[in-house]
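Trainee: I should be grateful for a close look at one part of this structure, namely the boundary between its domains. Please also set that part in the context of the rest of the chain.

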Amino acid sequence: MTTNAVSTSRHSSTPPEEATALLARMPDLEQALAFYHRHLAPDTAVDLSVAENVLVYDDSMQKMVFANTNLLPEKYIHYISPYGTPELRQQVADLLTEAFGPRVPAENVFGTAGVASALECLAFALKDSEPGGPPPLVDGDAVLIPAPYWQGFNWSFEQRPKLTCVPVNLPTDGPHAFQLTLELVRNQYEEHKKQTGRAPRLLVLTNPHNPLGVNYSKKLLEDIYAWALGDPDLHIISDEIYCHSQLNSSTTPFTSAVALDAYAEHPDRIHVVWGFAKDFGLSGFRTGFVISRNTVVQRAMLGSKDPGAEKRHPMSWFTPFDSLKHYVVGAVLSASVNGPGSELYTTYAMRTYRDLLSTSYDKVKARLKHNSIKYIHKDSDNTAQFFWLDLRDYLDLCVPPDQDNATPFPLTDPDLDPREQCLFDYLRAAPTEVSLLPGGVMHSPAPGFFRLCYTARQPGEVCEAIDKVGKALALLKSQA
Ligand SMILES: Cc1ncc(COP(=O)(O)O)c(C=O)c1O
């Protein structure tokens, strides 16, 4: 790798016809938007829809890690342990120990190609069982997920493992709007059991949450975990991919699942996932980790040739933490700030990231306020990388962009409320040209909410884009 191997250019050389054809078949609107902005509108429209993070890269990673990274050494062109070498697993375990609190043993950490893959591996793994443990999950089993939620859970759990995602809808109005409670989870669990005769087998919590950004309090987590694990067949997955994305002003600290009393009691049925895509902004590298001490999961991740049982190849073989990932992520994990023996770069980066995130959040929040754009958030809560905009006031005012202003590449989701789609199209069209992610994509229980990712660009650019959105929304009001 040369010094310039990781370029900041947004330019694409893919011919537009080819890019358009590829775009037309993409089922995930968030990924379609990422592709659209990369290949078809690289230098014009502003993409605040995709969960990306450029803050750490621009601030220090380029200077302190990649500028010092040499050409690929030969050892990285060979086969490598697909779930991570012992050294890499130890480095990740150390990093996660710092973030989670309790020690994370390296033997419980398994690398995969992205957190989406880590989640899929867990789903497949739990379709196996061991004597005395919970029965295996089977096709159609329900996965409870508080909604709105990251739509990728559907791809990870449903597409190949054939489980069924069941939303636990959060209230969208009132003093407890978008707040999770044990009661909501319990009611949906009971309701599902009543309707299908089968209890849900998995509960998935994202902490900090995407798209709401909040950290769940330790008390709430203990209550939910204690109740949920009272069902001996239920597993919990805690997606902690945003665990380092913490505001200085947040008064509810992040609590990892492994720091809960419930974990000490039921460590075999609590599984955590994390990756470098969000906190470190390395989304394109596709790195994910399963953290689990469950023997069925460990057997799936490591493979097995137990006598008398079916031979199993490690799950990560099919979705590997490959040698290139080892090389690049290894450089991030091994770098130190002032040469050998000084502070680890990762510790430094995640400490300064808090400040970068907090500064960016303050600027963007002020800009949203200035433009009278509503959002769901309490000042003392965390935001991870998002604002959950409440644009419901504009749903019935939206007029489709005229042909001159329409974007040349319509991006649609047949499941979206048509008014939400209209607002999305209107903001994406000239002269605004800002992409926000429609809440319907994220299973929002009501239309009119949009996710804005404020780490996708530098704060100045995000603020300019917000001014344009504010202007476009004000125009809709004035024309009503
Ligand atoms: C909550 C959550 N989990 C997992 C992922 C996917 O991570 P990866 O890109 O590592 O597969 C995302 C990406 O947006 C996410 O928001």
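The answer begins with the whole chain, turns to the boundary, and then visits several local features.

Mentor: Please keep in mind that this is a predicted model. The average pLDDT of the chain is 95, and 98% of the residues score at least 70. Among the elements of the chain, strand β6 (residues 235-239) has the highest mean pLDDT, 99, and helix α1 (residues 16-24) has the lowest, 89. Residues 1-9 have a pLDDT below 50, and beyond near neighbours in sequence this stretch makes seven contacts in the model. Where pLDDT is low, the predicted coordinates should not be read in detail.

Let us consider the overall build. The chain contains 14 helices and twelve strands. Its radius of gyration is 22 Å, whereas the globule rule gives 23 Å for 480 residues; these values are close, so the chain is as compact as a globular protein of that length. Along the principal axes, the C-alpha atoms occupy a box of roughly 70 × 60 × 45 Å. Of the 480 residues, 46% are buried. If one takes the contacts between residues at least 6 apart in sequence, 72% of them join residues at least 24 apart.

We now come to the boundary you asked about. The domain assignment places residues 16-59 and 345-479 in domain 1, and residues 76-333 in domain 2. Domain 1 is thus written as two segments of the chain, 16-59 + 345-479. The centres of the two domains, taken over C-alpha atoms, are 27 Å apart. Across the boundary, 36 residues of domain 1 are in contact with 39 residues of domain 2. On the side of domain 1 that touches domain 2, at least two residues each come from α3 (55-64), α12 (345-370) and β9 (386-390). Helix α12 gives the largest share of that side, with nine residues. By class, this side of domain 1 comprises 18 nonpolar, eleven polar and seven charged residues.

The shell around the ligand may be described in a similar manner. It holds 15 residues, and the closest are Gly114, Val115, Ala116, Gly275 and Ala277. By class, six residues of the shell are nonpolar, seven are polar and two are charged.

Helix α2 (residues 29-39) shows how an element can be covered by its surroundings. Nine of its eleven residues are buried, among them Leu29, Leu33, Phe35 and Tyr36. The buried residues of α2 also include Glu30, His37 and His39. The elements that cover these buried residues include α1, β1 (46-47), β10 (434-435) and β11 (437-438).

Strand β10 leads us to the loop that precedes it, between α13 (418-428) and β10, where proline 431 lies. The peptide bond from alanine 430 to this proline is cis, with omega near 5°. The same loop, between α13 and β10, contains glutamate 433, which has a positive phi of about 55° although it is not a glycine. Most residues other than glycine have a negative phi, and most peptide bonds are trans. Glutamate 433 has 18 C-beta neighbours inside 10 Å and therefore counts as partly exposed; a residue needs 20 or more to be buried.

Strand β11 likewise leads to a loop, the one between β11 and β12 (449-453), which holds histidine 443. This histidine has a positive phi of about 60°, although it is not a glycine. Histidine 443 is partly exposed because it has 19 C-beta neighbours inside 10 Å.

A further cis peptide bond joins alanine 147 and proline 148, with omega about 10°. Proline 148 belongs to the loop between β3 (142-147) and α6 (152-159).

Finally, leucine 182 offers an example from helix α7 (residues 182-196). Leaving aside residues up to four places away in sequence, leucine 182 touches Asp223, Ile224 and Trp227. It has 16 C-beta neighbours inside 10 Å, so leucine 182 counts as partly exposed. From leucine 182 to proline 42, the C-alpha to C-alpha separation is 44 Å, and the two residues are 140 residues apart in sequence.

To return to your request, the boundary joins 36 residues of domain 1 with 39 of domain 2 through contacts, and α12 supplies the largest share of the domain 1 side.

How values were computed
Residues numbered from 1 in each chain as written. Predicted model: local features only at pLDDT ≥ 70, side-chain atom pairs only at ≥ 80, totals over all residues. Domains from an automatic or database assignment. Contact = placed C-beta atoms within 7 Å. Helix = DSSP H or I, 4+ residues; strand = E, 2+ residues; numbered from the N terminus. Nonpolar A, V, L, I, M, F, W, Y, C, P; charged D, E, K, R; others polar. Near = placed C-beta within 6 Å. pLDDT = per-residue confidence, 0-100. Rg over C-alpha atoms; globule rule 2.2 N^0.38 Å. Buried ≥ 20, exposed ≤ 12 C-beta atoms within 10 Å, placed from the backbone.
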